[in-house]
Amino acid sequence: MATHGVYQRIYAVIRRVPAGRVVTYGQVAELASLTGHARQVGYALSALPDQNDVPWHRVVNAKGQVSTRSEAGYGAVQRALLAAEGVNFDEDDRIDLTRHRWRPRRGGLSR
DNA sequence: TTTATGGCTGTCA
DNA sequence: ATGACAGCCATAA
């Protein structure tokens with residue numbers, strides 16, 4: 001479908017994120033060949049329909065903290081979903097990115 | 001077409 | 001450590 005949108009590409013990347021793992025907006029952008037356009041990733045998520053197969057909750061900001069959307073409450077939902085997948089949060093509701101950041105296979109750069 | 005708006009990020013104080 | 005500023009650019013009106 002000729003979805004000439006960047007969003008579709010972003011969704012594709014996020015769908016590849018395994019459970020229990022998280023990625024930052026910037027990382028998703030980079031994986032989607034949009035290095036430096038982390039913002040667009042956030043907008044893509046905001047444009048997500050209620051029904052989707054995209055694990056938007058696995059996308060967090062660079063601080064490892066869940067970005068709140070326009071309304072409050074979603075943060076708690078996102079946190080709950082992640083917690084259900086085994087992602088731990090610290091006292092500040094932050095995720096240990098050094099431990100939960102998703103590492104796409106790429107030539108074995110892992111660690 | 002132009003203008004305004006962002007679920008961000010990195011740098012500097 | 002936190003707070004403020006500027007920059008990148010797609011989508012919507």
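Student: Where is N61 found in this predicted model?

Tutor: In this predicted model, N61 sits in the loop between β2 (59–60) and α4 (74–84).

Student: Why is N61 called buried?

Tutor: The relative accessible area of N61 is 15%. Buried means under 20%, so N61 is classed as buried.

Student: What makes the pair formed by the side chains of N61 and S67 a polar contact?

Tutor: The two side chains are 3.4 Å apart. The cut-off for a pair of N or O atoms is within 3.5 Å, and therefore the pair qualifies as a polar contact. The side chain of N61 also reaches the backbone nitrogen of K63, at 3.0 Å.

Student: Which residues does N61 touch, not counting residues up to four places away in sequence?

Tutor: N61 touches T24, Y25, S67 and L97 on that count.

Student: Why is the aromatic pair of Y7 and Y11 called edge-to-face?

Tutor: By the rule for ring pairs, the count comes to 1 aromatic pair. In the pair of Y7 and Y11, the distance is 6.3 Å centre to centre, with 65° between the planes. Ring centres must lie within 6.5 Å, and planes over 60 degrees apart count as edge-to-face; therefore Y7 and Y11 are an edge-to-face pair.

Student: Where do Y7 and Y11 lie?

Tutor: Both belong to helix α1 (residues 6–15), where they are 4 residues apart, about one turn of the helix.

Student: How do you know whether Y7 and Y11 are buried or partly exposed?

Tutor: For Y11 the relative accessible area is 8%, which is under the 20% limit, so Y11 is buried. For Y7 the value is 31%. Buried means under 20% and exposed over 50%, so Y7 is partly exposed.

Student: Which residues are around DNA strand C?

Tutor: They are G5, V6, Y7, H37, R39 and Q40. These residues divide into 2 nonpolar, 3 polar and 1 charged. Helices α1 and α3 (38–46) each supply at least two residues of this surface.

Student: What makes the approaches of R39 and Q40 to DNA strand C polar contacts?

Tutor: A polar side-chain atom of R39 is 2.7 Å from a base nitrogen of the strand, and one of Q40 is 2.8 Å from a base oxygen. The limit is within 3.5 Å, so the approaches of R39 and Q40 both count as polar contacts.

Student: What part of DNA strand C does the backbone of V6 approach?

Tutor: A polar backbone atom of V6 lies 3.4 Å from a phosphate oxygen of DNA strand C. Of the strand's atoms within 4 Å of the protein, 60% belong to sugar or phosphate and the rest to bases.

Methods:
Residues are numbered from 1 along each chain as its sequence is written. Chains are lettered from A and ligands numbered from 1 in the order in which they are written. This is a predicted model: local features need pLDDT of at least 70, side-chain atom pairs count only at pLDDT 80 or more; totals for chains, interfaces and linings use all residues. Side-chain values use heavy atoms; hydrogens and water are left out. Rings of Phe, Tyr and Trp (its six-membered ring) pair if their centres lie within 6.5 Å; planes under 30 degrees apart count as stacked, over 60 as edge-to-face and the rest as tilted. Buried means under 20% relative accessible area, exposed over 50%, partly exposed in between (1.4 Å probe, protein chains only). A residue is near a molecule or strand if one of its heavy atoms lies within 4 Å of it. A polar contact is a pair of N or O atoms within 3.5 Å; within protein, one must be able to donate a hydrogen and the other to accept it, and residues adjacent in sequence count only if both atoms are side-chain atoms. Ala, Val, Leu, Ile, Met, Phe, Trp, Tyr, Cys and Pro count as nonpolar, Asp, Glu, Lys and Arg as charged, and the others, Gly among them, as polar. Contact means heavy atoms within 4.5 Å.
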